[in-house]
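Here is a quick tour of one protein chain, written for someone who would rather look at the fold than at a pile of numbers. Have the viewer open and follow along.

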Amino acid sequence: MHELSLAQNLLDIVCRAAEENGLQRITVVSVVGGELGGIVLDALQFGFEVTKKGTVAEGAKLLYRELPALIRCNFCNHEFSWKAYGYTCPRCSHRGGEMFQGNEFYVEYIEGDGKEEGTNDTN
Ligand SMILES: [Zn+2]
């Protein structure tokens, strides 16, 4: 299952980041995915719930933000929504452009608690 391996990768990244930042407990994991990545949020959530058990992210909440697929016209450089216009530029009607957003998947940020309990560091 695609989302399960995705969740596994996600956990690896998150746990490494927690280690580097001296976090003992992760509370929030925020990820960003492109519209065309085909991510099923429910499946990703489920995968995350399963894989996070026994890790520093056990109590973490998964947040997900989807980025729309965007095309840049290779005639006039106008940027537009792939969903709404496909590859046909709404400004100059040129057909053909480059998709520069819509397939990504990455961790935007994580939140967690550090080692010293009781100290409240506000950055
Ligand atoms: Zn154009």
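## The sheet and what packs on it

Let's start with the open sheet: three strands in the order β2-β1-β6, with mixed pairing. Keep in mind that this is a predicted model. At the edges stand β2 (61–67) and β6 (105–114), each with a single partner strand, so each has one side left without a neighbour in the sheet. From one strand to the next, the twist averages 20 degrees. β1 and β2 run parallel and are joined by seven bridges. If you want a pair to click on, take Gly 33, whose bridge partner in β2 is Glu 66.

Now add a helix. α1 lies across β1 and β6, and runs at about 40 degrees to β6.

That brings us to the inside. The largest nonpolar core has 16 residues, and those with the most contacts inside it are Ala 7, Leu 10, Val 14, Ile 26, Val 29 and Ala 57. Two or more residues each come from α1 (2–20), β1 (23–34) and α2 (41–51). α1 gives the largest share, six residues. Val 14 is a good place to zoom in: leaving aside residues up to four places away in sequence, Val 14 touches Ile 26, Val 29, Ala 57, Val 107 and Ile 110.

What about α2? The buried residues of α2 are Leu 44, Gly 47 and Phe 48. They cover an arc of only 100 degrees around the axis, which puts them on the same side of α2. These buried residues pack against α1 and β2. Flip to the other side of α2 and you find Asp 42 and Val 50, which are exposed.

## Stepping back to the whole chain

In total, the protein chain has three helices and six strands. Along the sequence they follow the pattern α-β-α-β-β-β-α-β-β. The radius of gyration is 19 Å, well over the 14 Å that the globule rule gives for 123 residues, so the chain is more spread out than a compact globule. The C-alpha atoms fill a box of roughly 60 × 35 × 20 Å along the principal axes.

How much of the chain is buried? Buried residues make up 20% of the 123 residues. As for contacts with a separation of 6 or more, 72% of them are between residues 24 or more positions apart.

## Two loop residues with positive phi

Most residues other than glycine have a negative phi. Which way does phi go at Asn 77, positive or negative? Asn 77 has a positive phi, near 65 degrees, and Ser 93 also has a positive phi, near 65 degrees. Here they are side by side:

| Residue | Phi | Loop between | C-beta neighbours inside 10 Å |
|---|---|---|---|
| Asn 77 | near 65 degrees | β3 (70–73) and β4 (79–81) | 11 |
| Ser 93 | near 65 degrees | α3 (82–85) and β5 (97–101) | 10 |

Are these loop residues buried or exposed? A residue counts as exposed with 12 or fewer such neighbours. Asn 77 has 11 of them, so Asn 77 is exposed. Ser 93 has 10, so Ser 93 is exposed as well.

Terms used:
Residues are numbered from 1 along each chain as its sequence is written. This is a predicted model: local features need pLDDT of at least 70, side-chain atom pairs count only at pLDDT 80 or more; totals for chains, interfaces and linings use all residues. Helices (H or I, at least four residues) and strands (E, at least two) are DSSP runs, numbered from the N terminus. The radius of gyration is taken over C-alpha atoms; the globule rule is 2.2 Å times the number of residues to the power 0.38. Two residues are in contact if their C-beta atoms, placed from the backbone, lie within 7 Å. A nonpolar core is a set of buried Ala, Val, Leu, Ile, Met, Phe, Trp, Tyr and Cys residues joined through C-beta atoms within 7 Å. Two strands pair if DSSP finds at least two bridges between them. Axes are lines fitted to C-alpha atoms, for helices over the stretch in contact, and angles run from 0 to 180 degrees between N-to-C directions. The arc is that of the directions from the helix axis to the C-beta atoms.
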